[in-house]
Every structure is written in structure tokens, then in C-alpha cells.
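This briefing introduces a protein chain to a reader who has not met it before. Please keep the sequence and the structure in view while reading.

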Amino acid sequence: KDLIFAYDDKKSLFLNSANILIPDIEGMSIKTCMAFLNSNIFKYIYRKMFGEIKILKGNLERLPFPVISNEENVLLEKLCDEVLDGDDDKKLEINEKIYSIFELTKKEVEYVEKALKV
């Protein structure tokens, strides 16, 4: 029921139940798009907008990707690289950065996380 995206640069994906998504969002690298798609705020938005168990391509295309600066893109991509290298603690930093991009207040972040039971 949650959005879960992986980065495969080794051509190793072979599961029947996996779908391939190659995002093309201006000003965002693929890893930055992955950061947004795996973020708590996108999980929350997806549930509120669509409330469906099945993740549909058409619904993903309607998600509100923000316009971000090159510096934000570089930072999020760097954090994703660190997660891909095994530093799971950077996931929290990614979520915090994405909350700040959406200009969420502390109270709004708490609401989102409570709704997701994070």
C-alpha cells in the first residue's frame, strides 16, 4: 500500500511483481525523484489523493513534484547515494529536507507522520 522505489543501475531487477519507472522530471535526477517517491510526504499525499492499494502509473504522474533548485537536487542525490552505500540514517535527513522543500511546519510534519504512524 506504500510507495517503495529502488534504484537499479546493475540491471538486476527481475521480479514479476516489480514495475520499471524511468522518471523524467525537469531539474531532478532519477535519484532525487526516487527520494521524493520514497518520502513520507509522498506516501501521505498518495494515500490522500488515491487511497488505493495498487500503485498506478497514472496516479504517480499526478503527484505534485515541486520545482527545486540545483543545490537541492545535488544534496538529495548525494543523500540518496549515501543511503545506497548503506547509510540508512540518511533516510531521515532526506525526509527532513523534503519536508522543508514543501515548507511544512513542525505541526504539519507531526500530523503527516502520525497519519502514517511513522
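The points below are grouped by topic.

The model is predicted. Its chain contains six helices and zero strands, so that the order along the sequence reads α-α-α-α-α-α. The chain has 118 residues, of which 35% count as buried.

**Overall organisation**

- About 8300 Å² of the chain is exposed, and carbon and sulfur atoms supply 52% of that area.
- Taking the contacts between residues at least 6 apart in sequence, 65% join residues at least 24 apart.

**Nonpolar core**

- The largest nonpolar core has 28 residues, and those that touch the most other members are F36, I41, F42, L63 and I94.
- At least two residues of this core come from each of α1, α2, α4, α5 and α6.
- Helix α2 provides the largest share of the core, with six residues.
- I41, one of the core residues named above, is in contact with I98, Y99, F102, L104 and V112 when its neighbours within four places in sequence are left aside.
- F36, also named among those core residues, has a relative accessible area of 0% and is therefore buried.

**Aromatic pairs**

- The chain has seven aromatic pairs.
- One of them joins F36 and F102, whose ring centres are 6.3 Å apart; their planes stand at 70°, and the pair is edge-to-face because this angle is over 60 degrees.
- This pair links distant parts of the chain, since F36 belongs to helix α1 (residues 30-38) and F102 to the loop between α5 and α6 (106-116), 66 residues apart.
- The two partners are not equally covered: F36 is buried at 0% relative accessible area, whereas F102 is partly exposed at 24%.
- In another pair, Y46 and F50, the ring centres are 4.8 Å apart and the planes meet at 55°, so the arrangement is tilted.
- Y46 and F50 lie in helix α2 (residues 40-50), and because they are four residues apart there, about one helical turn separates them.
- Both Y46 and F50 are buried.
- A single aromatic cluster is formed by F36, F42, F65 and F102.

**Salt bridges**

- The count of salt bridges comes to seven.
- K97 and E72 form one of these, with their closest N and O atoms 3.9 Å apart.
- Because K97 is in helix α5 and E72 is in helix α4 (residues 70-84), this bridge ties together parts that are 25 residues apart in sequence.
- K97 has a relative accessibility of 22% and so counts as partly exposed.
- Within helix α4, E82 and K78 are four residues apart, which means that about one helical turn lies between them.
- The side chains of E82 and K78 meet in a salt bridge, at 2.6 Å from N to O.
- K78 counts as partly exposed, its relative accessibility being 46%.
- K78 and E82 also belong to a network of salt bridges that includes K90 and E93.
- K91 and D88 form a further salt bridge through their side chains, at 3.7 Å from N to O.
- Both partners of that bridge are partly exposed: K91 has a relative accessibility of 44%, and D88 has one of 49%.

**A buried asparagine**

- N95 is located in helix α5 (residues 90-101).
- Is N95 buried or exposed? With a relative accessibility of 13%, N95 counts as buried, because the cut-off for that class is under 20%.
- Which residues does N95 touch, not counting those up to four places away in sequence? N95 touches S39 and N40.

**Points to locate in the structure**

- For the core, a reader may begin with F36, which is among the residues that touch the most other members and which also takes part in the aromatic cluster with F42, F65 and F102.
- F102 may be viewed next, as F102 is in contact with I41 and forms an edge-to-face pair with F36.
- For links between helices, the salt bridge of K97 with E72 may be examined, which joins α5 to α4.
- For a bridge inside one helix, E82 and K78 in α4 may be examined.

Definitions and conventions: Residues are numbered from 1 along each chain as its sequence is written. This is a predicted model: local features need pLDDT of at least 70, side-chain atom pairs count only at pLDDT 80 or more; totals for chains, interfaces and linings use all residues. Side-chain values use heavy atoms; hydrogens and water are left out. Buried means under 20% relative accessible area, exposed over 50%, partly exposed in between (1.4 Å probe, protein chains only). Contact means heavy atoms within 4.5 Å. Accessible areas come from the Shrake-Rupley method with a 1.4 Å probe; for residues, only the protein chains shown count as cover. Rings of Phe, Tyr and Trp (its six-membered ring) pair if their centres lie within 6.5 Å; planes under 30 degrees apart count as stacked, over 60 as edge-to-face and the rest as tilted. A salt bridge is a side-chain nitrogen of Lys or Arg within 4 Å of a carboxyl oxygen of Asp or Glu. A nonpolar core is a set of buried Ala, Val, Leu, Ile, Met, Phe, Trp, Tyr and Cys residues joined through side-chain atoms within 4.5 Å.
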